[in-house]
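Trainee: Before we use this model at the bench, could we go through the labels attached to it and ask what each one rests on?
Mentor: Yes, let us take them one at a time and set each value against its cut-off.

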Amino acid sequence: MEILPRPRTAAFFDLDKTVIAKSSTFTFSRHFYQGGLINRRAVLRTAYAQFVYLVGGADHDQMERMREYLSALCRGWNVQQVKEIVAETLHQVIDPIIYDEAASLIERHHAAGRDVVIVSSSGSELVEPIGELLGADRVVATRMVVEDGRYTGEVEYYAYGPTKAEAIAGLAASEGYDLDRCYAYSDSVTDIPMLESVGHPHAVNPDRALRREALAREWPVLTFERPVRLKQRVPSLPPRPALAVGAAVAAAACAAGFVWYASRRRTARALTATRP
């Protein structure tokens, strides 16, 4: 009798306030200022926007205003300079604010043979290096239009709200994920389309609206509260393949690439006993 392969699965993680304790975009603002990309007034404005975001979350209208502001702010920036600033400051800025609980959860999903996909409305130049730092297999992120090596201020693809769910559906089609067996994690009510697209949705540090929705739908609610440097919690993360980005993002509003499997049935049974 032919034994059919088990369906492929994945765990989809929002980034800000789900995997890291702050907004990835606003966290780099001081370094963009030092690099001459923004002025002091913009630093103060982004600091205030982050405060509002962290305290009260962000609804659809606020997210749209943030998108418009950030799009206008980055108009004319040199893309290579942005990448260099992110690369030079990544460990200083992002490593200390990664939730220990999120890092452990990523490891557990990998141990169960699941791909880990970061799905964020932040720009790809920020999200892709963060994904590599976390050992993610893929990222879905916002992409800005670039001409002559500089941002035009226009958005090519906005990874937000329903488009996140569309990207996940595209990945499921191209990579063969069984979404009923997949997991998703987010803090924001704007990510309900992403959460309800999988069989195992989880609210993480949810805003008020998402908490109400999660309780009504009986979704698990998780609290992550221990930011820690990765090197302080484990000697090193296992080596991961390069993130899959590029062609499949254009084709399915997401990325495609190499899959990492480990300890499928034996560790899957172990995960079942401690499933979040």
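**Reasoning from values to labels**

Mentor: The buried residues of α5 pack against α1 (24-27), α2 (29-34), α7 (124-134), β3 (138-147) and β4 (150-157), and please keep in mind throughout that this is a predicted model.

Trainee: Which residues of α5 are buried, and where does the helix bend?
Mentor: V79, V82, I85, V86, T89, L90 and V93 are the buried ones, and the helix, which spans residues 79-93, bends by about 35° at A87. At the start of α5, a side-chain oxygen of N78 comes to within 3.0 Å of the backbone nitrogen of Q80, and the cut-off for a polar contact is 3.5 Å.

Trainee: What makes the rings of F12 and Y177 an edge-to-face pair?
Mentor: There are 4 aromatic pairs by the rule applied here. For F12 and Y177 the ring centres are 6.1 Å apart, within the limit of 6.5 Å, and the planes stand at 80°, which is over 60, so the pair is edge-to-face. This pair links distant parts of the chain, with F12 in strand β1 (residues 10-13) and Y177 in the loop between α8 (162-175) and β5 (183-186), 165 residues apart. Both F12 and Y177 are buried.

Trainee: Why is the pair of Y158 and Y160 called stacked?
Mentor: Their ring centres lie 5.2 Å apart and their planes are at 15°, which is under 30 degrees, so this pair is stacked.

Trainee: How do you know whether Y158 and Y160 are buried or exposed?
Mentor: Buried means under 20% relative accessible area; Y158 has 16% and therefore counts as buried, and Y160, with 8%, is buried as well.

Trainee: What makes R138 and E175 a salt bridge?
Mentor: Their closest N and O atoms are 3.1 Å apart, and the rule asks for a distance within 4 Å, so the pair qualifies. R138 lies in strand β3 and E175 in helix α8, so the salt bridge ties together parts that are 37 residues apart in sequence. R138 and E175 are both buried, and they belong to a network of salt bridges that also links R8 and D115.

Trainee: How do you know that R143 and E156 also meet in a salt bridge?
Mentor: The N to O distance is 3.6 Å, and the cut-off of 4 Å therefore admits the pair. R143 is in strand β3 and E156 in strand β4, 13 residues apart, and at 17% relative accessibility R143 counts as buried.

Trainee: Why are R217 and E213 called partly exposed?
Mentor: The class covers values from 20% to 50%, so R217 at 34% belongs to it, as does E213 at 25%. Their side chains meet in a salt bridge at 2.7 Å, N to O, and, being 4 residues apart in helix α10 (residues 208-217), they are separated by about one helical turn.

Trainee: Which residues touch the most other members of the largest nonpolar core?
Mentor: F13, F32 and I94 do, in a core of 44 residues, to which α5 gives the largest share, 6 residues. Leaving aside neighbours within four places in sequence, the contacts of F13 include V19, L105, I106, V116 and Y185. A second, separate core has 23 residues, among them V119, Y157, L171 and Y177.

How values were computed. Residues numbered from 1 in each chain as written. Predicted model: local features only at pLDDT ≥ 70, side-chain atom pairs only at ≥ 80, totals over all residues. Heavy atoms only, no water. Bend = angle between axes of the 7 residues up to and from the residue. Helix = DSSP H or I, 4+ residues; strand = E, 2+ residues; numbered from the N terminus. Buried < 20%, exposed > 50% of the residue type's maximum accessible area, 1.4 Å probe, protein only. Contact = heavy atoms within 4.5 Å. Polar contact = N/O pair within 3.5 Å; in protein donor to acceptor, adjacent residues only side chain to side chain. Phe/Tyr/Trp six-rings, centres within 6.5 Å; stacked < 30°, edge-to-face > 60°. Core = buried A, V, L, I, M, F, W, Y, C linked by side-chain atoms within 4.5 Å.
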